[in-house]
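Trainee: Could we take a close look at a single part of this model? I'd like to start with one loop and work outwards from there.

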Amino acid sequence: MTAAVPTKPSGPVSGDAPAPPVAATPLGAPPAPDEDEAILGCSPIYVWQVPVRVTHWAIVISITVLSITGLYIHGPFLVPSSPVEASQQMASMRFWHEIFAIVFSISIAIRFYWGFVGNSFASWRQIIPHRREQLHWMGEMGKYYSFRRRHPAPYAGHNHLAGLAYTVVSIGLFAQILTGLMLIAWITPTGPIHALFGWSYLVPGGITTVRVIHYILTFLFAAFAIHHVYSAILVDIEERTGVMSSMFSGYKNIRPSSSLEALGLVGDSPEERARSEYWETHKDA
């Protein structure tokens, strides 16, 4: 690709009078480093805030425990020595399944809320592709994954193809919580959970359909987890920005002027929006 985009402006940028670009850089190639960057190399950028990292790992652990205990509840795969032990074992599995279901639900709720109050990298406006430039760069990542682009688009946060996948997965996570609550309401015919979620009879096929959806979603999450880990390792090797370690530290090693967010091509903070508007105005100049 030979189109050119502006590098990070040297002065402050505002929506009324954006500073002109310092230089033009071919898309897909690293921009010329600033003087400080040439000396210091990559700079650590704080991308993933504490709530994002904590909920990420809480969801990972919860899904793992829920999958194991849920599969056991569906079809016990450990052979107990007596009926009493079998009953106790099933009770233990149900107990831990419900405990981690609570952890899972709380983590999803916190992460959903943080998408409205967190930084631009955690924002739903950044994750869900809905603007023209976001859709463009989502297509560029599609080219990368289909071997039509040599390098991934240089995002600091989530790329928008991953953002689209996370959006679909998030819908599935909420569906998993809903069907789980409906299953609990079915086996406990009294109390607030039954009052709120005891309407499985309205679903075509009744509780059987609810159970099948809950069961199938488990395998879909497992498939996504495999792809997610593979993609994270692949992009970490390609970009060499510390994608894997960033989910522990919160920092990625990126040249300040090299990411799409810094160039103003994606993102939704006021400064990023001003740069994005500048790019839209001057891209054909």
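Trainee: Is Phe147 buried or exposed?

Mentor: Phe147 is exposed, with a relative accessible area of 77% (over 50% is exposed, under 20% buried, partly exposed in between; 1.4 Å probe, protein chains only). Before going on: this is a predicted model, numbered from 1 along each chain as its sequence is written, and side-chain values use heavy atoms, without hydrogens or water. Local features need pLDDT of at least 70 and side-chain atom pairs 80 or more, while totals for chains, interfaces and linings use all residues.

Back to your residue. Phe147 sits in the loop that joins α5 (132-145) to α6 (helices are DSSP runs of H or I, at least four residues, strands E runs of at least two, numbered from the N terminus). Its backbone deserves a glance too: phi of Phe147 is near 65°, a positive value in a residue other than glycine.

For contrast, try another loop. Gly250, between α9 (243-249) and β4 (251-254), counts as buried because its relative accessibility is 0%. Leaving aside neighbours within four places in sequence, Gly250 is in contact with Ile45, Tyr46, Val47, Trp48, Arg53 and Ser245 (contact is heavy atoms within 4.5 Å). Pro44 is 206 residues away from Gly250 along the chain, yet their C-alpha atoms are separated by 9.4 Å.

Now follow the chain from your loop into α6. Helix α6 (residues 160-187) packs against helix α3 (residues 83-117) at about 140°, with the axes 11 Å apart (axes are fitted to C-alpha atoms over the stretch in contact, angles run 0 to 180 degrees between N-to-C directions). That angle makes α3 oblique to α6 (under 35 degrees is roughly parallel, over 145 roughly antiparallel, 65 to 115 roughly perpendicular, the rest oblique). On the α3 side you'll find Phe104, Ser105, Ile108 and Phe112, and they meet Leu173, Phe174 and Ile177 in α6. By class, that contact of α3 with α6 has 6 nonpolar, 1 polar and no charged residues.

Helix α6 also packs with helix α8 (residues 207-239), here at an angle of about 145° and with axes 9 Å apart. The α6 residues in this contact include Ala165, Tyr166, Val169, Leu173 and Trp186, and those of α8 include Ile207, Val210, Arg211, Leu217, Phe221 and His228. The residues of the α6 and α8 contact divide into 14 nonpolar, 7 polar and 1 charged. Leu173 of α6 turns up in the α3 contact and again in the one with α8.

From α8 you can step on to helix α2 (residues 50-74): the axes of α2 and α8 come within 11 Å and cross at roughly 135°, so these two are oblique to each other. His56, Ser67, Leu71 and His74 of α2 make the contact with Tyr215, Thr218, Phe219 and His228 of α8. The class count for α2 with α8 is 3 nonpolar, 5 polar and no charged residues. His228 serves in the α6 contact as well as in the α2 one.

Zooming out, the protein comes to 11 helices and 4 strands. Buried residues make up 40% of its 285 residues. Of the contacts with a separation of 6 or more, 65% come from residues 24 or more positions apart. The protein exposes about 15,900 Å², and carbon and sulfur atoms supply 69% of that (Shrake-Rupley, 1.4 Å probe).

Definitions and conventions:
Ala, Val, Leu, Ile, Met, Phe, Trp, Tyr, Cys and Pro count as nonpolar, Asp, Glu, Lys and Arg as charged, and the others, Gly among them, as polar.
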